[in-house]
Structure formats: structure tokens, C-alpha cells
Amino acid sequence: KAVFERPAKTRIMTVTNQKGGVGKTTTTVNIAAALAKHGLNVLVIDSDPQGNASTALGVEHGSETASIYDVLIGDMTVAEVVQDSPEGPSLKVVPATIHLSGAEIELVNIDQRESKLKEALEVYLTSVNTDKETRLDYVLIDCPPSLGLLTINAMVAATEAFIPIQCEYYALEGLSQLLNNIQLVQNSLNGEIEISTILLTMFDRRTNLANEVAQEVRSHFPDATLNTKIPRSVRISEAPSFQQTVITYDSSSTGAIAYEQAALEITKRGAN
Ligand code: ADP
Ligand code: MG
């Protein structure tokens, strides 16, 4: 059985790409579940008003539930809103509720609006990281498909950008805009953030197109692109309707194996 080593310090990754449907949420929940399955302490922050990551990880996120919205806009702490995921004992989730859909507008008039998440996460890390047992190994932030304030907050809080890219025709369209924004954040708000990880998703090896896209992505990002590609798999797309990740839903499926492999690669590569 593969050994997933703990990183020297908490790795905070924002899973981002302003295109919808490229596999951000699927990647967030399955990488998180794979890391947790192998004993690492993982926190998922659902920062998409759709709450799909909360659904897939089986946590409550009805409109009455305390959520990331209350952390960003109100005065609740991460510790007050975090929930345990039924996926595993070392996987925690800060859920998103429907209230988050108004947050980008509400944040506009708030001081330090770009660093609300960073501040809140720092307080949380300071409390849990004092104990080696509870110290978080990974924080994964699932972003909405836009480059608004929720995504900016995630980029400011994170040390690494993790970009899923769907192997299809328009895959690289919009990527330069994303890179620009990461650069802007790097220059002004968070000098620490780097594109550490790129994952090719929904790969269909039978098509030339998918292979061409994969090659092109690799040539642009030779260091960041993981060797593992995530295949198109019905099991992956079915899992959320059972409020599970594919890691739990069907651990021997090609999709689950690929996500575990990708997670192992992430642990081996370290932060850069
Ligand atoms: P995003 O968060 O970027 O909008 P999602 O992770 O929600 O993207 O994925 C979009 C859709 O594609 C979802 O219905 C999801 O179940 C499906 N999907 C994601 N990855 C795969 C895959 N490898 N194989 C099959 N379906 C997938
Ligand atoms: Mg999503």
C-alpha cells in the first residue's frame, strides 16, 4: 500500500479555473478524499454558492446551516462552521449554502475584502496546528466558475494554485486570463501563490484531440502538470448523487484509482 507522507507544513491549494464544468469540484472532493483515506488531515472549503462540494462530501448545507458565508460576511470562525465529512475521520468541510450567492456583492463594501478568507483560515490553522495529531496537511478550496471576489479570496488565502483542465477543444481558452489574474494576485496581494499543480481531467485517450490538448498543456506547464490524467468515467459522475466521492462509492473504479494516483503524486512532488 502506498505511503502518503505528511508535508512539512500545511499546503493550502485553491482549485481554480473560471471555466465551469472542467472538473474543479470533482477534483477537489476526490483528491481530498484520497488524501484523507491515506491518513492525512484534510480540510475542504466549499467556496462555490452551488455547494456541490458540500453535497459530494455528505455534509449539511441547507439554508439554515452555518457556512463559509458566515465566515466571510459575518463574524463566525472556521472552527464554528466546520463539519466532519462522513467520507472519513480526517476529512473536514466548511460548507457553502445558497447565501454565498450574494457574497460577492456584499463583500464589495467590506474592509480588506480580498483577505477575509485568509484571515479566518490563519486563525483556524493557528489553533489546530499546535498539535501534531490535528495539524492540517492539506486545505483545498473549491472555487466558483468566475474570477470574482470569492476566487480572489481563495487565491489570497492559498499558497498554491491547482488548475484542472478538461481535455477538450476550448481547454486553453481563458487560461491566459486565469494566469493574468494569478499574476495580479502574486504582485499585489499574495506573493506566495504559485501554480503548483495542473491536472488533466475527463481524458478520453481514444481521441486525438484529448491527446493533443494534453501535450499542449504539458508543453506550457512542464513542471506543474501531473503525469496522472483523470479518465472520463461514469462512476465519477454518479458518485455525487449518492453524496459520496468516487473514492468511497467505487474504490476499484478507474476514476477512483486515477484520483488516488494523482493525490499520491501531489504528496510526492511537494509544494513546488
Ligand atoms: P466544475 O466544478 O469545474 O464546474 P465539476 O467537477 O462539477 O466541474 O464537473 C462537471 C461535470 O462533469 C459534473 O457533472 C461531473 O460529475 C462531471 N465529471 C467531472 N469529472 C468527470 C470525469 N472524469 N468523468 C466523467 N464525468 C466527470
Ligand atoms: Mg464546481
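With which residues is glutamate 168 in contact, leaving aside its neighbours within four places in sequence? The legends below address this and other local features of the structure, which is a predicted model.

**Figure 1. Close-up of glutamate 168 in the loop between strand S6 and helix H8.** Strand S6 covers residues 160-166, and glutamate 168 is placed in the loop that lies between this strand and H8. Once neighbours within four places in sequence are set aside, the contacts of glutamate 168 are Leu209 and Val213. Glutamate 168 is partly exposed, because 16 other C-beta atoms lie within 10 Å, a count between the limits of 12 for exposed and 20 for buried residues. Threonine 207 is 39 residues away from glutamate 168 along the chain, and the C-alpha atoms of the two are separated by 9.8 Å.

**Figure 2. Close-up of glutamine 183 in helix H8.** Helix H8 is formed by residues 175-188, and glutamine 183 is found within it. Glutamine 183 counts as exposed, because it has 12 C-beta neighbours inside 10 Å. Valine 213, a contact of glutamate 168 in the preceding view, is 30 residues apart from glutamine 183 in sequence. From C-alpha to C-alpha, glutamine 183 and valine 213 are 23 Å apart in space.

**Figure 3. Close-up of the surroundings of ligand 1.** Ligand 1 is surrounded by 17 residues, of which the closest are Lys24, Thr25, Thr26, Ile236 and Ser237. At least two residues of this shell come from each of three elements: helix H1 (24-37), strand S7 (194-203) and helix H10 (234-238). The most is given by H1, which supplies three residues. Sorted by class, the shell holds ten polar, five nonpolar and two charged residues.

**Figure 4. Close-up of the packing of helix H1 against helix H12.** The axes of H1 and H12, the latter spanning residues 254-269, are 9 Å apart and meet at an angle of about 70°. H1 is therefore roughly perpendicular to H12. On the side of H1 the contact is made by Asn30, Ile31, Ala34 and Leu35, and on the side of H12 by Tyr259, Glu260, Ala262, Ala263 and Ile266. Seven nonpolar residues take part in this contact, together with one polar and one charged residue.

**Figure 5. Close-up of the largest nonpolar core.** In soluble globular proteins, nonpolar side chains tend to be buried together. The largest nonpolar core of this model has 83 residues. Those that touch the most other members are Ala32, Leu35, Val42, Val44, Val139, Leu140 and Tyr259. Leu35 and Tyr259 also belong to the contact between H1 and H12. Apart from residues up to four places away in sequence, alanine 32 touches Val42, Val44, Leu91 and Leu140.

**Figure 6. Close-up of leucine 226 in strand S8.** Strand S8 consists of residues 225-231, and leucine 226 is found in this strand. Leucine 226 is buried, because 20 other C-beta atoms lie within 10 Å. Beyond its neighbours within four places in sequence, leucine 226 is in contact with Thr197, Ile198, Leu199, Ala262 and Glu265. One of these, Ala262, is also part of the contact that H12 makes with H1. Glycine 21 is 205 residues apart from leucine 226 along the chain, with 20 Å between their C-alpha atoms.

**Figure 7. Close-up of serine 251 in the loop between H11 and H12.** Serine 251 is partly exposed, because it has 15 other C-beta atoms within 10 Å. Serine 251 and alanine 34 are separated by 217 residues in sequence and by 9.8 Å in space, C-alpha to C-alpha. Alanine 34 is one of the H1 residues in the contact with H12.

**Figure 8. Close-ups of glutamine 112 and glutamine 243, each with a positive phi.** Most residues other than glycine have a negative phi. Glutamine 112 has a phi near 55° and is found in the loop between helix H5 (103-107) and helix H6 (116-128). Glutamine 112 is exposed, because 10 other C-beta atoms lie within 10 Å. For glutamine 243, phi is likewise near 55°, and the residue is found in the loop between H10 and helix H11 (246-249). Glutamine 243 is partly exposed, because its C-beta neighbours within 10 Å number 17.

Terms used:
Residues numbered from 1 in each chain as written. Chains lettered and ligands numbered in written order. Predicted model: local features only at pLDDT ≥ 70, side-chain atom pairs only at ≥ 80, totals over all residues. Near = placed C-beta within 6 Å. Helix = DSSP H or I, 4+ residues; strand = E, 2+ residues; numbered from the N terminus. Nonpolar A, V, L, I, M, F, W, Y, C, P; charged D, E, K, R; others polar. Core = buried A, V, L, I, M, F, W, Y, C linked by C-beta atoms within 7 Å. Contact = placed C-beta atoms within 7 Å. Axes fitted to C-alpha atoms, helices over the stretch in contact; angles between N-to-C directions. Parallel < 35°, antiparallel > 145°, perpendicular 65-115°, else oblique.
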